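Biologist: Could you take me through one part of this model slowly? I would like a close look at the strand barrels of chain A, and then a word on how their surroundings fit in.

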Amino acid sequence: MQYLVAFLKRHTFFFLFLLLEGIALVWVVQHHKYQRSVVYQYSNQLVGSVFMVFNNASQYFELVTINERLQQENAALRNKLKSSVIIDDTSTALTQDTLSFTSMDSSYMQYYVYEPVKVIHNSVHKANNYIMINKGRKHGIEQDMGLRGSKGILGIIVNTSPHFSWAMSMLHSNVRISAKLKKNNQMGTVSWEGPDFRTGKLSDIPSHIDVSPGDTILTSGFSNIFPEDLLIGRVTKANFNKAQNIYDIRFRFAEDFNALQYGYVVKNLYREEQQELMEESKITK
Amino acid sequence: MYLKHIIRCLVLILLQVLILNQVNLNGYIDPYLYILFILLLPFETPRWLLLILAFITGSMIDIFSNTGGIHAAATTFMAFARPGVIRLISKKTEFDTGSEPCISDMGTKWFYLYSLYLVLLHHVVLFTLEIFRLNEPIELIYRIALSTLITLILILITQYLFPKRNKK
């Protein structure tokens, strides 16, 4: 025992190093495995407040661009208003707009709702990128909700505190989003391999499908996170690999991830019900 | 005496998370200036304190950048290597009390070598952990080399901008 104590004393430096390095490595592994850890639950609040102060200051310098973008988005939304749609026959009129549905047909159910949020922290050049937004559990934001910007989808909420949330950006090596090609509804999977923050990868497209640059990629709506038909990006390169009989498709994200300011958290009002159903089906299978 | 180091630590962390982390050069280069705090701790700092300070600094960066432990691991490793590196590149084994490993006390060549070794070690651990796979060694080496260069340049600029004032 004496020897052990003496031995430990002589090599304090080395053992302390092993201990601290061990803690750090466990942290790394935990982080990569679960995305969230107890530490963040408490640190989010502090970190969020610091970024908030800095963000409030930097916001002033970008007011012009933000205004322009908001105007464009407002215009797009107004185009969808009831007053902007000509209805010939109320009984058969079907537009995609939820407002006109609710006013005409009481049996229509609201499926997704949007919560406007502000991006207060974001990165694009890491191997795994995250986005922090200024709303959290108190605003009804929960894990696994979607996050979209004014042009395309941004990511998925992975961790929330009362006033802030972290979202896994589309620029994250673990992101898999169910997507489809607009022209023929073929389903595929969108992911990101880095390092370029403008380019993503579309996989799982069958070999007999014709894909060409310029094709639009939309969300499929099968993941229960995002509604159907949200813009993801446009194909820039589609190489067919004959040896492996698969497509290598790259696309340009619709959203400029380096200039995120505002976004919307997408809440699926029936997610719980859908999850329950899925669980039940698994048990009986 | 201690106040100087505490202020330096806070300023470097804030500089890192608020400004340098937002800098995106070429998509490959991430300068990590905050490790200057560990580089500049005085020679007589106990080695265990070195490790603990490095771990805390790295953890702060991790918490703010949501990188989960990789900075803590890299910075702790760097602090572990520091005494060895100093022994490796110094001719004498005893240093004057109050002297610090900086350009004005140790000379240009010594400091260049000292910071090159330690920054390189830090970046190797950091980027290996960040990418977390070794199937793209060329990209990894490219990122380590470029980022080391930029971090070094930033460290040297800081050294010339804020030279140590000797109270004599």
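Modeller: Happy to; what follows goes from chain A as a whole to its barrels, then to the core and the contact with chain B.

Please keep in mind that this is a predicted model. Chain A holds 6 helices and 12 strands. Of its 285 residues, 32% count as buried. Among the contacts in chain A with a separation of 6 or more, 55% are between residues 24 or more positions apart.

Let us start with the barrel that runs E6-E7-E8-E11-E10-E9 in chain A, a closed one of 6 strands with antiparallel pairing. From one strand to the next, the twist averages 40°. We can follow its strands in turn. Between strand E6 (177–181) and E7 of chain A there is a loop, and A:Asn185 lies in it. The backbone of A:Asn185 has a positive phi of about 60°, although this residue is not a glycine. That deserves a second look, because most residues other than glycine have a negative phi. A:Asn185 has 9 other C-beta atoms within 10 Å, so it counts as exposed.

Past that loop comes strand E7 (residues 187–191) of chain A, joined by 3 bridges to strand E8 (residues 199–203) of chain A, and the two run antiparallel. Within this pair, A:Thr189 faces A:Ser203 in E8(A).

On another side of the barrel, strand E9 (residues 216–219) of chain A pairs with strand E10 (residues 231–241) of chain A, again in the antiparallel sense and over 3 bridges. Here A:Ile217 stands opposite A:Gly233 in E10(A). The loop between E9 and E10 of chain A contains A:Asp229. Like A:Asn185, with its phi of about 60°, A:Asp229 has a positive phi without being a glycine, in this case near 70°. A:Asp229 has 13 C-beta neighbours inside 10 Å, so it counts as partly exposed.

E10(A) also pairs with strand E11 (residues 246–253) of chain A, in the antiparallel sense and over 8 bridges. One partnership to look for is A:Ala238 with A:Ile249 in E11(A). These two strands form a hairpin with 4 residues between them, and in this hairpin A:Asn245 takes a positive phi near 60°.

Chain A has another barrel to set beside this one. Its 6 strands close in the order E1-E2-E5-E4-E3-E12, and the pairing is antiparallel. The twist from one strand to the next averages 45° in this barrel. A good place to look is where strand E3 (residues 146–148) of chain A meets strand E4 (residues 153–160) of chain A: they run antiparallel and are joined by 3 bridges. In that pair A:Leu147 stands opposite A:Gly155 in E4(A).

Away from the strands, helix H3 (residues 38–59) of chain A carries A:Val50. This valine has 15 other C-beta atoms within 10 Å, so A:Val50 is partly exposed. A:Val50 and A:Ile120 are 70 residues apart in sequence, while their C-alpha atoms are 9.8 Å apart in space.

Now for the surroundings. The largest nonpolar core has 94 residues, and the members that touch the most others are A:Ile131, A:Ala167, B:Ile35, B:Ala73 and B:Met78. Helix H6 (residues 108–131) of chain B gives the most to this core, with 10 residues. In chain A, domain 1 (39–90 + 98–169 + 260–268) and domain 2 (177–259) both give residues to the core, so it lies between them. In soluble globular proteins, nonpolar side chains tend to be buried together.

On the chain B side, B:Met78 is a helpful residue to centre your view on. Leaving out residues up to four places away in sequence, B:Met78 touches B:Ile35, B:Ile38, B:Ala54, B:Leu118, B:Leu121 and B:His122.

Finally, the contact between the chains takes 25 residues from chain B and 25 residues from chain A. On the side of chain B that touches chain A, the elements giving two or more residues are helix H3 (47–65), helix H4 (70–89) and H6 of chain B. By class, that side of chain B has 15 nonpolar, 7 polar and 3 charged residues. H6 of chain B thus appears twice in this account: among the elements at the contact, and as the helix that gives the most to the core.

How values were computed
Residues numbered from 1 in each chain as written. Chains lettered and ligands numbered in written order. Predicted model: local features only at pLDDT ≥ 70, side-chain atom pairs only at ≥ 80, totals over all residues. Core = buried A, V, L, I, M, F, W, Y, C linked by C-beta atoms within 7 Å. Buried ≥ 20, exposed ≤ 12 C-beta atoms within 10 Å, placed from the backbone. Domains from an automatic or database assignment. Contact = placed C-beta atoms within 7 Å. Nonpolar A, V, L, I, M, F, W, Y, C, P; charged D, E, K, R; others polar. Pairing = 2+ DSSP bridges. Axes fitted to C-alpha atoms, helices over the stretch in contact; angles between N-to-C directions.
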